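Me: Can you walk me through this structure? I'd like to start with the ligand and then wander around the fold.

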Amino acid sequence: MTGRIKDIVTRSAIWHPFTQHGLDEPIPLVTRAEGAALYTADGRRIVDAISSWWVTTHGHCHPRIMAAIKAQTEKLDQIIFAGWTHEPAEEVAAGLREIMPPSLTRVFFSDSGSTAVEVALKMALGFFANRGEERRRIVVMEHSYHGDTIGAMSVGARGVFNAAYAPLLFDVGRVTFPGAHPQATLDGLEAECAAGAAAFIVEPLVLGAGGMLMYPPAVLAEMRAICAAHGTLFIADEVMTGWGRTGTLLACEQADVVPDILCISKGLTGGAVPLAVTMASEPVWEAHYSQDRTKTFFHSSSYTANPIACAAAAENLAIWREEPMLERVATLAARQENRLARLAGHPAVANVRRCGTIAALELGSAEGSYLSDLGPQLLARFREANLLLRPLGNTIYVMPPYCIDETDLDTIYAATSDAADWVAGLG
Ligand SMILES: Cc1ncc(COP(=O)(O)O)c(C=O)c1O
């Protein structure tokens with residue numbers, strides 16, 4: 001690290017997300033990344049066990065995606081997207097139409113998972129408003145997380161993350177997480193839909209930030225059927241679960257479910273640059289299609305469909321078309337399964353579970369708790385072991401880039417096993 005950079009970092013003005021600066025935890029300076037590894041200014045190689053917040057699918061600085069970004073920077077950097085278009089965006093839209101469910105005919109761009117969700121909610125309400133129907137209530141699942149903008153927080157779990165902002169949040173219907181009692185979830189959803197709910201938004205198969213909670217495809221399929229029976233729009237938030245994370249391109253595929261509205265982001269660019277898409281079915285589009293300007297879909301942001309981000313996404317789509325992505329995903333899933341199995345009998349380990357490439361367990365207590373005191377201590381241990389492994393309280397999850405090799409995976413699981421020994425008082 002040069003003297004100047006060291007100085008700047010010491011006096012940094014940066015206010016980091018989801019970081020309590022008062023705890024004075026070290027903030028490593030990362031200078032470069034490749035594959036599943038991050039390299040810091042003080043010479044460490046860190047294994048990225050959580051794909052840098054679940055975005056990096058193929059690996060950091062993937063050569064094909066980097067080359068596509070470079071090529072695009074020489075052609076077109078940015079252009080207003082209201083009433084204008086460009087090749088990379090058209091390529092992404094056409095590519096998505098090829099691999100996403102055929103009934104999702106329309107592609108709306110935004111910049112993050114949260115905005116993809118805001119767009120989905122607005123499309124759902126616009127659908128009913130433009131048809132002159134009085135359906136406004138949104139239904140959500142307990143423990144959900146859909147992002148940190150106001151609408152996305154409103155449809156997420158209430159708690160420490162958003163208690164201070166409660167006056168800004170709108171009221172929603174809630175169904176229970178389908179753990180031990182899936183029928184209660186289905187009954188709750190049936191009641192909400194029968195009462196005229198406009199839309200149900202859900203993370204398919206895995207609730208991420210809520211604690212990597214997993215539920216079976218059959219429940220997802222039944223929830224979808226209930227919504228369809230009552231004309232309630234079904235919004236699948238695949239921001240985390242999309243792009244192979246759960247073993248299939250979309251988690252919904254495992255339940256043979258096609259949503260009315262689909263949110264994708266994170267792995268859309270392979271995790272290289274921010275971009276998001278909300279895909280909608282033809283009826284949702286048609287409800288906004290009119291000679292009447294008041295029925296326009298009123299949503300945009302300055303960087304909607306930024307050409308450089310779209311070039312990265314177009315290359316990601318080409319990788320999915322041309323390379324054996326699902327085989328890679330299956331290989332990682334099997335490797336995770338082997339290592340999880342070795343931890344399963346440990347006295348400090350509970351609820352060992354996996355969905356595709358996502359592995360999770362609780363340490364110390366079978367109940368996951370985000371504010372568990374174990375969280376910061378585990379984080380510090382993993383940092384010492386040169387791992388980017390960021391537990392959700394006492395829930396440890398491993399969600400690495402698909403290119404991770406066996407040695408790096410072993411490092412992650414050795415540190416997890418050491419942490420379990422320490423929690424059990426054995427280490
Ligand atoms: C399921 C889900 N939806 C939405 C979001 C929000 O995405 P972003 O952080 O890109 O706004 C996340 C982020 O982790 C997520 O997991």
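Reply: Sure, here is a quick tour by question and answer, and keep in mind that this is a predicted model.

Me: Which residues are around the ligand?

Reply: The shell is made up of W54, S112, G113, S114, Y145, H146, G147, E203, D237, V239, M240 and K266. By class, that gives 4 nonpolar, 5 polar and 3 charged residues.

Me: Which polar side-chain atom lies 2.7 Å from a nitrogen atom of the ligand?

Reply: That one belongs to D237. On the oxygen side, S114 places a polar side-chain atom 2.6 Å from a ligand oxygen. G113 joins in through its backbone, where a polar atom is 2.8 Å from an oxygen atom of the ligand.

Me: And how much of the ligand's accessible area does the protein cover?

Reply: On its own the ligand has 390 Å² of accessible area, and the protein covers 83% of that.

Me: Back to D237. Which strand is it in, and what is its bridge partner in β11?

Reply: D237 falls in β10, which spans residues 233–237. Its bridge partner in β11 is C263. β10 and β11 run parallel, with 3 bridges between them.

Me: What else does β11 pair with, and in which sense?

Reply: β11 is also joined to β12 (residues 276–281), this time antiparallel, by 4 bridges. One of the facing pairs there is L262 with M279.

Me: Which way do the β11 side chains point, and are they buried or exposed?

Reply: β11 covers residues 261–264, with I261 and C263 pointing one way and L262 and I264 the other. All of these are buried.

Me: How many bridges join β10 to β7?

Reply: There are 4 bridges between β7 and β10, and the two run parallel. V202, for instance, has A236 in β10 as its bridge partner.

Me: What about β5, how does that pair with β7?

Reply: β5 (residues 138–141) pairs with β7 in the parallel sense over 3 bridges. In that pairing V139 stands opposite F200. As for the faces of β7, A199 and I201 sit on one side and F200 and V202 on the other, and all of them are buried.

Me: Just before β7 there's a glycine I was looking at, G196. Where is it, and is it buried or partly exposed?

Reply: G196 is in the loop between α7 (182–194) and β7 (199–202). Its relative accessibility is 22%, so it counts as partly exposed; the cut-off for buried is under 20%.

Me: How far is its C-alpha from the one in G242?

Reply: The two C-alpha atoms are separated by 29 Å, and the residues are 46 apart along the chain.

Me: Switching topic: what's the order of strands in the open sheet with β1?

Reply: The order is β1-β2-β3-β15, so 4 strands with mixed pairing. β1 (30–34) and β15 (387–388) are the edge strands: each has a single partner, so one side of each has no neighbour in the sheet.

Me: How does β15 hook up with β3?

Reply: β3, residues 45–48, pairs with β15 in the parallel sense over 2 bridges. D48 is opposite L388 there.

Me: And β16, which strand does it pair with?

Reply: β16 pairs with β14 (residues 358–363) in the antiparallel sense, over 4 bridges. L361 has I396 as its bridge partner in β16. Along β16 (residues 395–398), T395 and Y397 point one way and I396 and V398 the other, with all of them buried.

Me: OK, now two polar residues. What does the H86 side chain reach?

Reply: The H86 side chain reaches the backbone nitrogen of A89 at 3.3 Å. H86 is in the loop between α3 (63–73) and α4 (87–99). Its relative accessible area is 6%, so H86 is buried. Further along the sequence in either direction, H86 touches L76, I79, F81, A305, N306, P307 and C310.

Me: Last one: S154. Where is it, and what does its side chain reach?

Reply: S154 is in helix α6, residues 150–154. Its side chain reaches the backbone oxygen of I150 at 2.8 Å. With a relative accessible area of 0%, S154 is buried. Not counting residues up to four places away in sequence, S154 touches L169, F170, V172 and R174.

Key. Residues numbered from 1 in each chain as written. Predicted model: local features only at pLDDT ≥ 70, side-chain atom pairs only at ≥ 80, totals over all residues. Heavy atoms only, no water. Near = heavy atom within 4 Å. Polar contact = N/O pair within 3.5 Å; in protein donor to acceptor, adjacent residues only side chain to side chain. Areas by Shrake-Rupley, 256 points an atom, 1.4 Å probe, with all protein chains shown as cover. Nonpolar A, V, L, I, M, F, W, Y, C, P; charged D, E, K, R; others polar. Buried < 20%, exposed > 50% of the residue type's maximum accessible area, 1.4 Å probe, protein only. Contact = heavy atoms within 4.5 Å. Pairing = 2+ DSSP bridges.
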